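Please examine the model shown below with its sequence at hand. The paragraphs that follow lead through it step by step.

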Amino acid sequence: MICALASSVCFGAASVLQAMGARATTPGTGGGVDIALMWRVLRQWRYLAGLCADGLGFVLQIVALRTLPIYVVGAALAASLAVTAVIASRVLHVRLSRVEWTAVGVVCAGLALLALASGKEGHEEGPGWLPWALLASAFGVLLLGVVGGRLPAKPRALVLGLGAGFGFGVVEVAVRLIDGIDFADPVWYALLVGGGAAFVLLTSALQRGSVTTATAGAVLGETVGPAIIGVAWLGDTTRAGLGWLAVTGFAIAVAGSLTLARFGEPPETEGSPAETGPTGAVGAAGPGAGGAGAGGAGAGGAPGPASGPGPGHDHGTGPDRRSQDGS
């Protein structure tokens, strides 16, 4: 459990840095998912620092996935949104409303219930078709990115976010199925394709759409599906008689994370009006997705209550922001 929580902290901090790097990168001219965007963001030191934090989080996630049920690790990764909310309030001086502070507490309570109710990690290999289904799902994430990148802004953000979450979910399940180095095993290719596709979709979402919506989609994509697979086919269990408590804790943790999805909004670039408003606050990041993990293996959210990249989402620091906080 310690490794799962530590990976959540790493992903939460990484999302702040990655979103700032993505937001500071010149956007492409095309309407779809911009593959070349990955090369441009790698020139941003904040994005590189975020990748380093992601790498450490991924290692910790692997350790957690090999010792805990997938549903516990997935909920912990979704909690990276709570981590970034707290980082935003302390480091970037972003005000959290009472509802948001309550959501942080709710996430912690949900994780505590999961820790009490979770059983041992399952050791079943699952049906023979599962590795191939994972590989097909990984390529499906790529296809979803191609289709979703051409949609209008609002549905695009949701589709790209869900796609990134599905990709990170593929990684979570693949880590559990890997048994030694065997490149004839489709699970390895599912892990590589799913993880790579998830990063591309999440980076595009951070820059091109309403990342609040995308982050919520990523949280759902990387938690629900892998949790069901773990229980149904990989032998994940709860403690005797505490199945209801595990379900309750999982639902509470994910619901609290979704409440904090606005911390998936990246900040405006330097010198933007949102950064020079009355309070002088800047946005901070959110999950996986999810995230990317969104987490997930990654990545979960991205910075700030400052207005995000997508239309119709203004989380600035002016009078409207103060009224939201109730101050």
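In this predicted model, helix H4, which covers residues 70–78, packs against helix H8, which covers residues 153–177. Two packed helices are described by the angle between their axes and by the distance between those axes. For H4 and H8, the angle is about 145 degrees and the axes lie 11 Å apart. The crossing in which H4 passes H8 is right-handed. On the H4 side, the contact is made by Ile70, Gly74 and Leu77, while H8 contributes Glu172, Val173 and Arg176.

Arginine 176 deserves a second look. Its side chain meets that of aspartate 236 in a salt bridge, with a distance of 3.0 Å from N to O. This pair links distant parts of the chain, as the two residues are 60 residues apart. Arginine 176 belongs to helix H8, whereas aspartate 236 lies in the loop between helix H10 (211–233) and helix H11 (243–259). A search of the whole structure finds one salt bridge.

Are the two partners buried or exposed? Arginine 176 counts as buried because its relative accessibility is 9%, and the cut-off for buried is under 20%. Aspartate 236 has a relative accessible area of 3%, and therefore it is buried as well.

Helix H3, which spans residues 45–65, offers a contrast between neighbouring positions. Tyrosine 47 is found in this helix, and it counts as buried because its relative accessibility is 1%. The C-alpha atom of tyrosine 47 is separated by 8.8 Å from that of serine 15, although the two residues are 32 residues apart along the chain. Leucine 48 is also found in H3. With a relative accessibility of 38%, leucine 48 counts as partly exposed, because this class lies between the limits of 20% and 50%. Together with Trp39 and Leu42, Leu48 makes a nonpolar surface patch of about 320 Å².

The final step is to consider the protein as a whole. It contains 12 helices and one strand. Read along the sequence, these elements follow the pattern α-α-α-α-α-α-α-α-α-α-α-β-α. The protein has 327 residues, of which 57% count as buried. Its accessible surface comes to about 12,900 Å², and carbon and sulfur atoms account for 69% of that area.

Conventions. Residues are numbered from 1 along each chain as its sequence is written. This is a predicted model: local features need pLDDT of at least 70, side-chain atom pairs count only at pLDDT 80 or more; totals for chains, interfaces and linings use all residues. Side-chain values use heavy atoms; hydrogens and water are left out. Patches are made of residues with over 30% relative accessible area and no salt bridge: like charges are joined within 9 Å, nonpolar side chains (Val, Leu, Ile, Met, Phe, Trp, Tyr) within 5 Å. Accessible areas come from the Shrake-Rupley method with a 1.4 Å probe; for residues, only the protein chains shown count as cover. A salt bridge is a side-chain nitrogen of Lys or Arg within 4 Å of a carboxyl oxygen of Asp or Glu. Helices (H or I, at least four residues) and strands (E, at least two) are DSSP runs, numbered from the N terminus. Buried means under 20% relative accessible area, exposed over 50%, partly exposed in between (1.4 Å probe, protein chains only). Axes are lines fitted to C-alpha atoms, for helices over the stretch in contact, and angles run from 0 to 180 degrees between N-to-C directions. A crossing is left-handed if the near helix is turned anticlockwise from the far one by less than a right angle, and right-handed if clockwise. Contact means heavy atoms within 4.5 Å.
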